[in-house]
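Please open the model in your viewer and keep a selection box at hand. The stops below are given in the order in which they can be selected.

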Amino acid sequence: MKRLFAFTLGFLTAIGGFLDVGDLVANSLVGARFGMSLAWVVPVGVVGAALFTEMSARVSAISGRATFDLVRERMGARAGLANLLASYTITLLTLAAEIGGVALALEIASSVHYLLWVPVVLALVWIVLWRLPFQAMEQTYGLLGLALIAFAVALWQLGPDWGALLDGALRPAPPPGEDRPTWWYYAIAVFGAAMTPYTVLFFSSSGVEEGWTAKDLGQARVNVFVGFPLGGLLALAVMACAAVVFMPAAIQVEHLSQVALPVAAGLGRIGLAVVIVGLFAATFGAALEAALAAGYSVAQYFGWAWGKTRAPVSAPRFHSAVLLTLLLGTALILTSLDPVKVTEYSIVLSAAALPLTYLPILIVANDRDYLGEHVNSRFTNVLATGYLALVLVVSAVTLPLMIYTKAGQ
């Protein structure tokens with residue numbers, strides 16, 4: 001019974017914890033501007049994220065070591081450093097966006113300017129990282145994130161033309177008045193939001209923190225292969241809500257508060273209150289994961305003692321790296337940069353850096369010295385190689401598209 005409870009809890013956590021501020025902003029913005037024409041990108045991103053996250057989970061469960069730790073050992077210091085610089089930079093930008101997202105969620109609830117909430121968010125994140133046990137932290141914010149199911153309920157209540165939504169999803173082409181380069185630019189944004197590298201770094205290291213073994217692989221796989229797709233359905237609900245409410249009125253999403261408006265339109269004040277809880281939980285949980293992922297990557301590269309479960313006195317450099325990253329992310333948001341713009345840039349640049357994260361994982365997951373009989377199957381390698389080719393293409397065209405479209409304007 002205890003194992004069944006842990007299984008159910010982990011499954012629900014995977015659904016609720018899938019969405020972060022990048023997914024919320026990207027899918028809402030795309031729905032408002034392009035309708036459901038980019039819905040196909042969500043399953044493409046979810047399959048890729050699940051594929052490489054399962055590899056990371058398997059590496060951790062079988063070897064007892066985190067993926068980044070093995071990447072440095074397997075590929076050498078230089079390749080590991082390139083991986084570290086790319087992953088850390090993107091994770092820092094993501095953390096800044098999540099801190100801004102939490103502050104914006106609090107602004108929606110309180111009408112107090114989000115910049116005044118930013119120092120409070122910093123303190124809350126650090127206290128939770130410092131005091132709350134690892135598993136309780138992960139499950140609390142994952143389960144509260146389930147409040148985002150309000151998007152699916154609101155969509156039903158809005159009574160959309162389901163045939164028109166499905167027709168839009170089955171016609172992957174820019175709507176009238178939109179050019180194809182801009183449409184592709186936002187396709188990359190949705191793809192990058194689904195495959196953000198920090199998720200893989202966190203999942204791998206948290207497996208080591210929780211002492212996963214081969215016996216835990218089944219639970220990890222179900223959480224990833226079932227929980228992530230269900231989280232992807234929530235992302236599609238966010239996109240569809242924006243397509244139904246904003247697109248007919250030609251309203252573009254420029255603020256996190258707009259993401260919640262379709263829920264208020266469909267479910268009223270109670271729905272708005274529920275979705276604010278979901279927005280807070282999703283962004284706060286992602287801020288915790290991003291801060292830890294940054295600390296994990298730095299500590300594992302330099303071979304320092306690491307782990308949230310370790311007291312600061314036994315892993316001082318790891319805890320210092322987490323705190324320093326939190327301070328840098330907070331400082332970035334306090335410059336008054338628009339958090340939504342920071343989010344957009346973080347997910348697009350994340351897409352550009354994807355090969356540096358996913359190629360090393362694929363190499364390690366095929367190394368029998370670490371995984372023995374648990375190396376990738378032929379099917380996994382064929383699928384992963386296809387995704388690697390895709391992320392290489394995405395990486396090559398991201399910056400030219402960003403410049404050509406002036407970041408999707």
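What follows is a tour that begins with confidence, passes through charged pairs and a loop serine, and ends at the surface and at two backbone angles.

**Confidence**

Because this is a predicted model, begin by colouring the chain by pLDDT, which averages 87 over the protein, with 96% of the residues scoring at least 70. Select residues 2-16 next: this is helix 1, whose mean pLDDT of 52 is the lowest among the elements of the protein, whereas helix 7, at residues 150-158, has the highest, at 95.

**Charged pairs**

The salt bridges in this model number five, and the tour visits three of them by name, beginning with Glu54. Select glutamate 54 together with arginine 58, whose side chains form a salt bridge with the closest N and O atoms 3.0 Å apart. Both residues lie in helix 3 and are separated by four positions, about one turn of the helix. Glutamate 54 counts as buried because its relative accessibility is 7%, under the 20% cut-off, and arginine 58 is likewise buried, at 3%.

Keep glutamate 54 in view and add arginine 221, since these two side chains also meet in a salt bridge, with an N to O distance of 2.8 Å. This pair links distant parts of the chain, for arginine 221 belongs to helix 11 and glutamate 54 to helix 3, with their positions 167 residues apart in sequence. Arginine 221, at 33% relative accessibility, counts as partly exposed.

Move now to aspartate 167 and arginine 171, which form a salt bridge whose closest N and O atoms are 3.0 Å apart. Aspartate 167 is partly exposed, with a relative accessibility of 36%, while arginine 171 reaches 54% and therefore counts as exposed. Which residues are joined into one network by salt bridges that share partners? They are Glu54, Arg58 and Arg221, so selecting these three together shows the whole network.

**A serine in a loop**

Arginine 171 also leads to the next stop, as it is one of the residues in contact with serine 37. Select serine 37, which lies in the loop between helix 2 (21-34) and helix 3 (41-63). Is serine 37 buried or exposed? Its relative accessibility is 5%, and it therefore counts as buried. Show the side chain of tryptophan 183 as well, and a polar contact of 3.0 Å can be traced between it and the side chain of serine 37. Once neighbours within four places in sequence are set aside, the contacts of serine 37 are Gly168, Arg171, Pro172, Ala173, Pro175 and Trp183.

**A nonpolar patch**

Switch to a surface representation and select Phe225, Val226, Leu230 and Leu233, which form a nonpolar surface patch with about 330 Å² of accessible area together. Within this group, phenylalanine 225 is found in helix 11, which spans residues 217-245, and its relative accessible area of 41% makes it partly exposed.

**Two backbone angles**

Finish with two serines whose phi angles deserve a look. Serine 111, in the loop between helix 4 (67-110) and helix 5 (114-131), has phi near 65°, a positive value in a residue other than glycine, and it is exposed, with a relative accessible area of 69%. Serine 336 sits in the loop between helix 13 (316-334) and helix 14 (339-352); its phi is near 75°, which is again positive in a residue other than glycine, and at 47% relative accessibility serine 336 counts as partly exposed.

Notes
Residues are numbered from 1 along each chain as its sequence is written. This is a predicted model: local features need pLDDT of at least 70, side-chain atom pairs count only at pLDDT 80 or more; totals for chains, interfaces and linings use all residues. Side-chain values use heavy atoms; hydrogens and water are left out. Patches are made of residues with over 30% relative accessible area and no salt bridge: like charges are joined within 9 Å, nonpolar side chains (Val, Leu, Ile, Met, Phe, Trp, Tyr) within 5 Å. Accessible areas come from the Shrake-Rupley method with a 1.4 Å probe; for residues, only the protein chains shown count as cover. A salt bridge is a side-chain nitrogen of Lys or Arg within 4 Å of a carboxyl oxygen of Asp or Glu. Buried means under 20% relative accessible area, exposed over 50%, partly exposed in between (1.4 Å probe, protein chains only). pLDDT is the predictor's confidence in each residue, from 0 to 100. A polar contact is a pair of N or O atoms within 3.5 Å; within protein, one must be able to donate a hydrogen and the other to accept it, and residues adjacent in sequence count only if both atoms are side-chain atoms. Contact means heavy atoms within 4.5 Å.
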